[in-house]
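Please look over the sequence and the structure below before reading on. The paragraphs that follow take one element at a time and may be read with the structure in view.

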Amino acid sequence: MKKVEAIIKPFKLDDVRESLAEIGITGMTVLEVKGFGRQKGHTELYRGAEYMVDFLPKVKIELVIQDELLDRAIEVIVDTARTGKIGDGKIFVTEIERVIRIRTGEENEEAV
């Protein structure tokens with residue numbers, strides 16, 4: 001099993017969720033996060049004063065999926081979240097050793 005963490009622009013969340021549901025991925029965790037990379041942030045005007053906004057709002061989606069769904073899930077996220085502009089986000093993939101469903105005690109693939 002793999003854990004996929006995708007950091008995307010907030011307005012792309014619904015599209016990504018729907019696209020993942022179409023390929024059978026329905027369980028996910030979504031977090032509102034802030035950060036920056038090459039995009040660096042931007043300046044805003046507040047009460048006549050200009051100030052720097054270093055951390056930009058993003059959404060982090062976390063999925064735990066079977067290995068055979070990995071490539072398709074990544075493809076769907078990239079295709080759906082891409083705007084072609086700086087700040088589209090990143091995807092991180094890590095190995096999951098064990099999953100346990102607390103309610104039933106099921107483990108690994110049965111727990112996902």
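Is Ser-19 buried or exposed? In this predicted model, Ser-19 is counted as buried, because its relative accessible area is 16%, and the cut-off for a buried residue is under 20%. Ser-19 is found in helix 1, where its side chain reaches the backbone oxygen of Asp-15 at a distance of 3.0 Å. If residues up to four places away in sequence are left aside, Ser-19 touches Val-76 and Thr-80.

From this one residue we can turn to the helix that holds it. Helix 1 covers residues 13-22, and its buried residues are Leu-13, Val-16, Ser-19 and Leu-20. Seen down the axis of helix 1, these buried residues fall within an arc of 135°, so they line one face of the helix. A general point about helices helps here: an α-helix has 3.6 residues a turn, so residues three or four places apart point the same way. The buried residues of helix 1 pack against strand 1 (2-8), strand 2 (29-35), strand 5 and helix 2 (70-81). After helix 1 comes Gly-24, whose phi is positive, near 95°.

Strand 1, one of the elements against which the buried residues of helix 1 pack, is itself mostly covered, since five of its seven residues are buried. Which strands pair with strand 1 in the antiparallel sense? One of them is strand 5, which runs antiparallel to strand 1 and is joined to it by seven bridges; within this pairing, the bridge partner of Ala-6 is Ile-61 in strand 5. Another is strand 6 (residues 89-95), which also pairs with strand 1 in the antiparallel sense, over seven bridges, and here Ile-8 stands opposite Gly-89 of strand 6.

Strand 5 (residues 56-65) also holds Lys-58, and this residue deserves a careful look. Which side chain of opposite charge is nearest to Lys-58, and how far away is it? The answer is Asp-88, at 7.1 Å, and Lys-58, although buried, has no salt bridge. The distance to Asp-88 can be set beside the cut-off, because a salt bridge requires a side-chain nitrogen of Lys or Arg within 4 Å of a carboxyl oxygen of Asp or Glu. The side chain of Lys-58 does, however, have a polar atom that lies 2.7 Å from the backbone oxygen of Gly-87.

Technical notes:
Residues numbered from 1 in each chain as written. Predicted model: local features only at pLDDT ≥ 70, side-chain atom pairs only at ≥ 80, totals over all residues. Heavy atoms only, no water. Helix = DSSP H or I, 4+ residues; strand = E, 2+ residues; numbered from the N terminus. Buried < 20%, exposed > 50% of the residue type's maximum accessible area, 1.4 Å probe, protein only. Lys, Arg positive; Asp, Glu negative; His and termini not counted. Polar contact = N/O pair within 3.5 Å; in protein donor to acceptor, adjacent residues only side chain to side chain. Arc of directions from axis to C-beta. Contact = heavy atoms within 4.5 Å. Pairing = 2+ DSSP bridges.
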